[in-house]
Amino acid sequence: MKIGIVCYPTFGGSGVVATEIGKGLAEKGHQIHFITYRQPVRLDSFQENVFYHEVSSHDYPLFEYAPYETALASKLVDVIKYENLDLLHVHYAIPHAAVAYMAKKILLSEGRYIPVVTTLHGTDITLVGQNASYAPVVAFSINKSDGITAVSDSLKKATLTHFDIKKEIKVIPNFIDFRRFQKRNKDHFKKAIAPDGEKILTHVSNFRKVKRVEDVIHIFKAVYDKIPCKLLLIGDGPERQNIERLCRDIGLCHEIRFLGKQDAVEELLAISDLFVMPSGSESFGLAALEAMACEVPVISSNVGGLPEVNIHGETGFLSDVGNVKEMAENAIKILENEELAATFGKNALEQAQRYDIKHVLPLYEKFYLEILENEVHKTTTA
Ligand code: GMT
């Protein structure tokens with residue numbers, strides 16, 4: 001198949017998932033065309049069957065904001081026509097589903113049909129999408145997609161609760177490429193970060209409010225009062241400065257490393273003893289799954305799709321959002337008991353194996369084929 005992929009090209013989960021789907025499908029012989037405003041971060045080397053088309057919005061003195069949606073729609077029309085794409089897969093509803101609809105309508109006016117699959121990732125439904133500034137367009141454009149997928153049962157339910165969706169939503173979860181994410185011996189890193197054998201707690205996120213990074217710091221402080229430990233903070237975003245201030249206020253800056261955006265996050269997960277994800281909302285929690293693939297137990301909140309990923313009492317522990325005290329107690333329980341930590345680590349790996357890319361990619365291929373078959377039927381009977 002020739003597939004166009006639209007996504008945010010940043011470190012965010014939706015962009016990562018979209019890029020890995022594209023790379024995986026290209027390895028299987030499909031031709032993949034990424035259409036984004038910047039080269040996606042995980043599209044970092046040459047790969048056969050992968051193409052990249054940059055969207056550039058033309059600026060003009062009249063514009064306060066260059067109209068990205070118009071530029072993207074025009075680019076989609078161009079790429080779909082001239083690369084002869086079979087299907088367009090857009091990730092994150094805002095604004096991609098609406099833009100895809102516009103491109104589809106433009107092409108239809110020229111007699112060219114392109115089916116569109118929209119994947120819902122999380123905040124496009126649970127947070128931003130519900131804002132009155134976007135909600136009517138989000139609901140309309142999801143309904144106009146030819147196929148809809150959501151990354152967890154929880155996100156599917158949330159979509160149906162918050163929007164009047166008339167079409168079936170297929171759940172296709174996030175996935176792991178075990179060629180990259182697995183426990184490897186990185187003892188030299190461990191020695192550098194925790195020279196006296198301190199336990200290492202890790203948090204990975206985009207430092208948005210929804211990630212509740214301040215809870216990570218409070219959990220760490222409570223653990224630190226009982227067990228010698230270090231905290232690795234990976235990623236960057238709007239809350240970073242507040243978090244740095246909090247670290248200073250509690251006097252633990254020397255034990256907390258801000259590592260910023262890291263490409264080889266798996267090397268840091270390989271030396272982690274515990275992963276902390278206290279999010280206020282989380283449709284799936286890809287960062288937690290990546291930790292689990294590296295045999296790291298997880299302390300998380302119990303919102304959204306997290307209970308589908310982190311199994312309470314088996315791969316880690318779940319607590320209500322904001323229950324920092326319980327999260328810290330659970331963290332200590334794991335870190336103080338090597339046997340429990342090892343069992344949770346093994347269970348975490350087993351759970352992650354259910355999300356092996358080898359099982360998940362074929363679900364997308366099958367879904368695309370179903371959509372294409374329906375569309376052929378529709379156009380021949382129209
Ligand atoms: O806010 C983020 O975590 C980034 C966001 C995105 O769309 O870029 O991630 C969402 O999609 C990921 C991939 O499907 C999921 O694993 C994350 O749970 C989800 N984030 C939230 O729901 C907050």
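Two strands count as paired if DSSP finds at least two bridges between them. Keep that in mind as you open this predicted model, because four bridges join β4 to β5 and so clear that cut-off. These two strands run parallel.

**Stop 1: the middle of the sheet**

Select β4, residues 87–91. Five of its five residues are buried, so the strand is largely enclosed by the rest of the structure. Look at the side chains next. In a regular strand they alternate between the two faces of the sheet. Here L87, H89 and H91 lie on one side, with L88 and V90 on the other, and both faces are covered.

Now bring in the neighbours. To find β5, start from H91, whose bridge partner there is T119. For the other neighbour, select β1, residues 2–6, which pairs with β4 in the parallel sense over four bridges. V6 has V90 of β4 as its bridge partner.

**Stop 2: the whole sheet**

Zoom out and colour the strands in the order β3-β2-β1-β4-β5-β6-β7. That gives you an open sheet of seven strands, with parallel pairing. Which strands stand at the edges? They are β3 (50–54) and β7 (169–171); each has a single partner strand, so one side of each is left without a neighbour in the sheet. Turn the view to look along the strands: neighbours in this sheet are turned by 25 degrees against each other on average, direction ignored.

Stay at the β7 edge and select residues 147–150, which are β6. β6 and β7 pair in the parallel sense over three bridges, and T149 has K170 in β7 as its bridge partner. Then add α6, residues 153–162, which packs on the sheet and touches β5 (116–120), β6 and β7. The direction of α6 makes about 160 degrees with that of β7.

**Stop 3: the loop after β7**

Click on N174, which you will find in the loop between β7 and α7. Is N174 buried or exposed? Its relative accessibility is 6%, and the cut-off for buried is under 20%, so N174 counts as buried. Leaving aside neighbours within four places in sequence, show what N174 is in contact with: V17, V151, F284, L286, L289, Y355 and V360.

**Stop 4: α5 and a small void**

Select α5, residues 135–144. A135, V138, A139, S141, I142 and N143 are buried in this helix. The buried residues of α5 pack against α3 (93–109), β5, α4 (123–126) and β6.

Next, turn on cavity display. The structure holds one cavity of 30 Å³ or more, and the space in the largest cavity is about 30 Å³. To see its lining, select A97, A100, Y101, K104, V116, S141, K144 and S145. The elements that give two or more residues to this lining are α3 and α5. α3 gives the most, with four residues.

**Stop 5: the second largest pocket**

Switch from cavities to pockets. The second largest pocket has about 380 Å³ of space. It is lined by 20 residues, and those closest to its centre are K183, K190, S272, D273 and E295. Show α7 (187–193), α13 (324–336) and α14 (338–353) as well, since each supplies at least two residues of the lining. Which helix gives the most to the lining? That is α14, with four residues.

**Stop 6: β8 and β9**

Select β9, residues 229–234. Six of its six residues are buried. C229, L231 and L233 point one way from the strand, while K230, L232 and I234 point the other way. Add β8, residues 199–204: six bridges join it to β9, and the two run parallel. For a landmark, T202 stands opposite L232 in β9.

**Last stop: cysteines**

Finish with C7 and C294. C7 has 1% relative accessibility and so counts as buried. C294 is buried too, with a relative accessible area of 0%. If you were going to look for disulfides, a search of the whole structure finds zero.

Note on methods:
Residues numbered from 1 in each chain as written. Predicted model: local features only at pLDDT ≥ 70, side-chain atom pairs only at ≥ 80, totals over all residues. Heavy atoms only, no water. Disulfide = S-S within 2.5 Å. Buried < 20%, exposed > 50% of the residue type's maximum accessible area, 1.4 Å probe, protein only. Axes fitted to C-alpha atoms, helices over the stretch in contact; angles between N-to-C directions. Contact = heavy atoms within 4.5 Å. 1 Å grid on protein atoms, 1.4 Å probe; cavity = no way out; pocket = protein on both sides within 12 Å on 5 of 7 lines; lining within 4 Å. Points joined across faces, edges and corners; volume = space filled by probe spheres on them.
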